[in-house]
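Here are a few notes to read with the structure open beside you. Take them one at a time, and find each residue on the screen before moving on.

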Amino acid sequence: MILRNALLFLSRQAWLQRPLARSRVTRRLVARFIAGETLREALAVADKLYTEGILSTLDHLGEHVTSLAEAEASCEHSLDALKNLRNRATLSIKLTQFGLDISAEECLRLTSILADAARAADSQIEIDMESSAHTQATLDVVRHLHACYGNVRAVLQAYLYRTEADLESLCRAGIPVRLCKGAYHEPPEVAFPAKRAVDAHYRKLGAILLERGVRPAFATHDEEIIRDLTVRIGERGLTPSSVEFQMLYGIRRDLQRDLVRRGFPVRLYVPYGSAWYPYFMRRLAERPANLLFLLRALFQH
Ligand SMILES: Cc1cc2nc3c(=O)[nH]c(=O)nc-3n(C[C@H](O)[C@H](O)[C@H](O)COP(=O)(O)OP(=O)(O)OC[C@H]3O[C@@H](n4cnc5c(N)ncnc54)[C@H](O)[C@@H]3O)c2cc1C
């Protein structure tokens, strides 16, 4: 837990990207989780996954822009991506990349442009959930975009105490939800500190999402939870295609393939771009074995 929190703290020190990028070993590990630096590379990955029966959701890395000009640039880039997604991918966005911390109004304007373009392209926008400081503002934008365009999916994090109420409310509003465990460093006042409690909450919320959700999406690599969900889907007489399992690019390829083989839609979160540092550090924090691998390799070279 201490190591995890230390890594999550380091994930906010973006200046560390440059020294890390100099190492060949880091670059190799980064390549496991990141599809490349350009949209072209990400689309090539999405194409390849599609031939394997796997859908994608593309994420142009970068969060917390510090000017509205940067937010505009994110919007331009995403519009370009939307034109090229076709039916093999959706777009995942983080609202701080569109200026949420600077102006909620401007963020809503830019994301409305995106949702409109996604509708024209017959695609969907998935709105990632960031730290708890952004939860309410993010859900407010999601609700607005859903009411105007009807093509957004919200993300909820099982580690937050508030999530059950949010999930019930989004289900009532007919807003599709991607359920994940949560990847940020949160205080015990807002989130379950123990992993076991987060897992139990995920199971409880997963059952609610399955029962009342619209096109439920389960974002996890937790084999036991996935097994229990697939059993529950069978017991409820639902077809595999009524849900979606989502995983991160580069993690548990065995599980991805197994679900595809059994007829479940699988969508991979495919991140790309040069600002990979915070995303990469969150992946290390999730699994200390990744960090040990990195340290061992660094000392061997
Ligand atoms: C599609 C998708 C979208 C997501 N969107 C968000 C979001 O918007 N906001 C947010 O806060 N979080 C998001 N997450 C991250 C999520 O919250 C978790 O941090 C992450 O998925 C790990 O949790 P887990 O459910 O896989 O369970 P865990 O219990 O952490 O892991 C279960 C198993 O998965 C494997 N595994 C998990 N992580 C790794 C890793 N980094 N490297 C190697 N193996 C690993 C291991 O085998 C592990 O035993 C998303 C995750 C996915 C899959």
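The points below start with the ligand, move on to one histidine, and end with two loop residues.

1. A first word of care: this is a predicted model. Please keep that in mind as you go through the points.

2. Let's begin with the place of the ligand. The space that the ligand takes up is the largest pocket. Strand E4 (152-157), strand E5 (177-180), strand E7 (244-248) and helix H12 (277-286) are the elements that each give two or more residues to the shell around the ligand. The biggest contribution comes from E7, with three residues.

3. Which residues come nearest to the ligand? There are 26 residues around the ligand, and the nearest are Gly182, Lys195, Thr220, His221 and Glu286.

4. Some of these residues make polar contacts with oxygen atoms of the ligand. For Gly182, a polar backbone atom is 2.6 Å from a ligand oxygen. For Lys195, an N or O atom in the side chain is 2.6 Å from an oxygen atom of the ligand. For His221, a polar side-chain atom lies 2.7 Å from a ligand oxygen. Taken alone, the ligand would expose 930 Å², and the protein buries 89% of that.

5. Now stay with His221 a little longer. You will find His221 in the loop between strand E6 (217-219) and helix H10 (223-235). Is His221 buried or partly exposed? With a relative accessible area of 22%, His221 is partly exposed, because buried would mean under 20%.

6. His221 also has partners within the protein. Leaving aside residues up to four places away in sequence, His221 touches Ile226, Met247, Leu248, Ile251, Arg252 and Leu255. With Leu248 there is a polar contact: the side chain of His221 reaches the backbone nitrogen of Leu248 at 3.0 Å. Ile251 is 30 residues from His221 along the chain, yet their C-alpha atoms are separated by 7.6 Å.

7. Finally, look at two backbone angles. Most residues other than glycine have a negative phi. Arg86 is not a glycine, but has a positive phi of about 50°. Arg86 sits in the loop between helix H5 (68-83) and strand E2 (89-93), and counts as exposed at 54% relative accessibility.

8. Asp122 belongs in this discussion too. Its phi is positive, near 55°, in a residue other than glycine. Asp122 lies in the loop between helix H6 (104-120) and strand E3 (125-127). Asp122 is exposed, with a relative accessible area of 74%.

Note on methods. Residues are numbered from 1 along each chain as its sequence is written. This is a predicted model: local features need pLDDT of at least 70, side-chain atom pairs count only at pLDDT 80 or more; totals for chains, interfaces and linings use all residues. Side-chain values use heavy atoms; hydrogens and water are left out. Helices (H or I, at least four residues) and strands (E, at least two) are DSSP runs, numbered from the N terminus. Buried means under 20% relative accessible area, exposed over 50%, partly exposed in between (1.4 Å probe, protein chains only). Contact means heavy atoms within 4.5 Å. A polar contact is a pair of N or O atoms within 3.5 Å; within protein, one must be able to donate a hydrogen and the other to accept it, and residues adjacent in sequence count only if both atoms are side-chain atoms. A residue is near a molecule or strand if one of its heavy atoms lies within 4 Å of it. Accessible areas come from the Shrake-Rupley method with a 1.4 Å probe; for residues, only the protein chains shown count as cover. On a 1 Å grid over the protein atoms alone, a cavity is a set of points where a 1.4 Å probe fits but cannot get out, and a pocket is an open set with protein on both sides within 12 Å along at least five of seven lines; lining residues have an atom within 4 Å of a point. A molecule sits in a cavity or pocket if more than half of its atoms lie within 2 Å of its grid points.
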